[in-house]
Structure formats: structure tokens, C-alpha cells
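Please find below my notes on the model, set out as numbered points that begin with the open and enclosed spaces and then turn to individual residues.

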Amino acid sequence: MEEQDTIPKVPQLLWPTLLAVRGLGGSGSVKEIQAEVAGLEQFTDEQLAEMHNDGPRTRLEYRGAWALSHLKIMGLLDNSGRRGIWELVGRGGEITEAEIPGLHRKKLREQRERNRSRRAETKAEHVEELAEAAVEDGADDWRTELLTELMVMDPAGFERLSERLLRRAGFINTVVLGRTGDGGIDGQGVYRVSLVSFPVYFQCKRYKGSVGAPAVRDFRGAMVGRGDKGLLITTGRFTAEALAEATRDGAPPIDLIDGEQLCDLLKDYGLGVTTTLRSVEDITIDADFLRRI
């Protein structure tokens, strides 16, 4: 008997995703939006942790990204402004839930027609491929490739990479401890802000899925008696419970860097990621000029 799919399909995620952006004040990052959707839909830990194929994305993250792309096709969301930020456009702030299915079908049908006119080889059941052809959604491709490479790194190599990243970010006296009995602390460094400096302990977790609140609590426990500043770095993502635990009242705060942020930092500091700038010509034909000749 075929196992039941407990993860909502893309059409089922359209309305919750739109509500999530509204709830965030009209704009938000992919991570913020997907966390809001998870809260609205009350997804279980099992649903949040279920991987898409072999990772590094979960199935909800994968389908959630497609929901954003489809809402862009529908003219309700757009990410062409600040990179990585999605915002309400058009009727995104006023459309009703009842209108969503009809508009979705209409826009995908129009997209199919445009693809046929360009002789694209598409099939009606592959609506995700249609969206991919229409939406510039390749921004995460390099992150997926990078996270895959990070997952196959030697554990000690990943710790050294984290050490180099912190140095580039302004830490001094950064060192990987690499000793047994350190209670999950992989390294330490000193971060200076103007005239003030303080020690920071860090832990590196190479996860394909979600990092939960217990990992944050365990790391905080390992820091007892050593310092109050901790940095938890992972290739995965943090659950809503982990995010809440990291800033829980009465406990030393733990700063969190998830896989998406880690990729962006490695790109910003040029560690294992090379960015090549390209110039693109925008050419417009002046038909009126040609007709006047």
C-alpha cells in the first residue's frame, strides 16, 4: 500500500503562504515566511523534518519555495526588489482564499500557452516545470550545491572552515578545540566591538534536516562556567522551538546561523564560493523611429 503523503502540495500552500506574508507586515525572507506558514498550519516535527530526496532541503521547504514562485506568477508576490525578500504586490493584500484556485489555474494556463508559443516541451501535469521556466528562481541552486559539498566534508575540515569564517568576520584568537571532553564545544574566539571584546564559543553541526531546541539547550549547558556568548552553526535549519530556546528569557542567548545564512556568509567572505559579475545588455527596438525613416 502506498504511503500517504502528509506534506501539503504546492496549491495547498498558496493561501497559507500569502497569509504568512501578510502576517509579517507585507514582506519577509523565505525563512521568515516558511516559519510563519509552519506556525499557521501547525506542522508536526515529523513534517518539518521530512527531507526532499537526499536533502539538503526538507520537503516543506522545497514545496514552500515553489508556492512563492507560483504566487509570483499569479502577480501576488514579488522578489525583484531587495534580494531574498518577498513582498506583497498587486492584489496580494486583498485577494480572498476563494479566489486563489481559479487565479492559480488561469495563470498556469496562460504560462503553458506562452511556453507552447516558444516551442517549449512541457506537459500539463508538470506545472512546477512551467513555473521554473517562467520564474527566475535559480537563486538557491548554488546554495543547494554548496550545502551538498559541506555535507561531504571531513568533520574536522568543516570546523576549520567555520574557524576561518569567524576570522574573516572579525573574530580574533579563533581556534578549533578539537579535543574530547569539550561537551560539544568545537571552538572559541574573541569578538571585538569598538573598545569591548568578549569570548565566544561555537559549535558546528552538519545536519540535513532540522536542529531542535534540545541541541540549543545542550550547547548552552556545555558553556556553563566558561562564558555567556555562544554561536551555533549548522548546514540545516532551526525549528521554531530552537529559535525560541535560543532567546529564552533568563538564559544566556545563543546566536544561530542556519544553512542559508552560512551559504551567504561563505559567499560574502569568498570562502569556497567565487562570485563572477556579468554585464547584461537590455536592447529595445524603437519601432516608431524605424517607421519614420
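1. In this predicted model, the lining of the second largest pocket is made up of ten nonpolar, ten polar and eleven charged residues. The pocket itself holds about 710 Å³ of space, and of the 31 residues that line it, K31, E61, R237, D258 and E260 are the closest to its centre.

2. Which elements supply at least two residues each to the lining of this second largest pocket? They are helix 2 (30-41), helix 4 (59-73), helix 7 (141-151), strand 9 (237-238), helix 10 (240-246), strand 10 (254-257) and helix 11. Helix 2 provides the largest share of that lining, with five residues.

3. Turning to enclosed space, the count comes to two cavities of 30 Å³ or more. The largest cavity has a volume of about 150 Å³, and 14 residues line it, with Q34, V37, F43, L60 and E61 lying nearest its centre. Helix 1 (10-23), helix 2 and helix 4 are the elements that give two or more residues to the lining of this largest cavity. By class, that lining is composed of eight nonpolar, four polar and two charged residues.

4. The second largest cavity has a volume of about 40 Å³, and its lining consists of A35, A38, L48, R237, F238, T239, A240 and L243. Two or more of these lining residues come from each of helix 2, strand 9 and helix 10, and the division by class is six nonpolar, one polar and one charged.

5. Some names recur when these spaces are read side by side. E61 is among the residues closest to the centre of the second largest pocket and is also listed among those nearest the centre of the largest cavity. R237, likewise one of the residues closest to the centre of that pocket, appears in the lining of the second largest cavity. Helix 2 gives two or more residues to the lining of the largest cavity and two or more to that of the second largest cavity, in addition to its five residues in the pocket lining.

6. On the surface, I283, I285, F289 and L290 make a nonpolar patch of about 470 Å². Within this patch, I285 is found in the loop between helix 11 (259-268) and helix 12 (287-292). Is I285 buried or exposed? Its relative accessible area is 64%, so I285 counts as exposed, the cut-off for that class being over 50%.

7. Two residues deserve a look at their backbone angles. Q42 has a positive phi of about 55° although it is not a glycine; this residue is found in the loop between helix 2 and helix 3 (45-49) and is exposed, because its relative accessibility is 67%. N173 also has a positive phi of about 55° without being a glycine, but N173 lies in strand 4 (residues 171-176). At 61% relative accessibility, N173 is classed as exposed.

8. A last point concerns G28, which lies in strand 1 (residues 27-29). G28 has a relative accessible area of 3% and is therefore buried, since that class takes in values under 20%. Although G28 and G84 are 56 residues apart in sequence, their C-alpha atoms are 8.4 Å apart in space.

Key
Residues numbered from 1 in each chain as written. Predicted model: local features only at pLDDT ≥ 70, side-chain atom pairs only at ≥ 80, totals over all residues. Heavy atoms only, no water. Patch = residues over 30% accessible without salt bridge, like charges linked within 9 Å, V, L, I, M, F, W, Y side chains within 5 Å. Areas by Shrake-Rupley, 256 points an atom, 1.4 Å probe, with all protein chains shown as cover. Salt bridge = Lys/Arg side-chain N within 4 Å of Asp/Glu carboxyl O. Helix = DSSP H or I, 4+ residues; strand = E, 2+ residues; numbered from the N terminus. Buried < 20%, exposed > 50% of the residue type's maximum accessible area, 1.4 Å probe, protein only. 1 Å grid on protein atoms, 1.4 Å probe; cavity = no way out; pocket = protein on both sides within 12 Å on 5 of 7 lines; lining within 4 Å. Points joined across faces, edges and corners; volume = space filled by probe spheres on them. Nonpolar A, V, L, I, M, F, W, Y, C, P; charged D, E, K, R; others polar.
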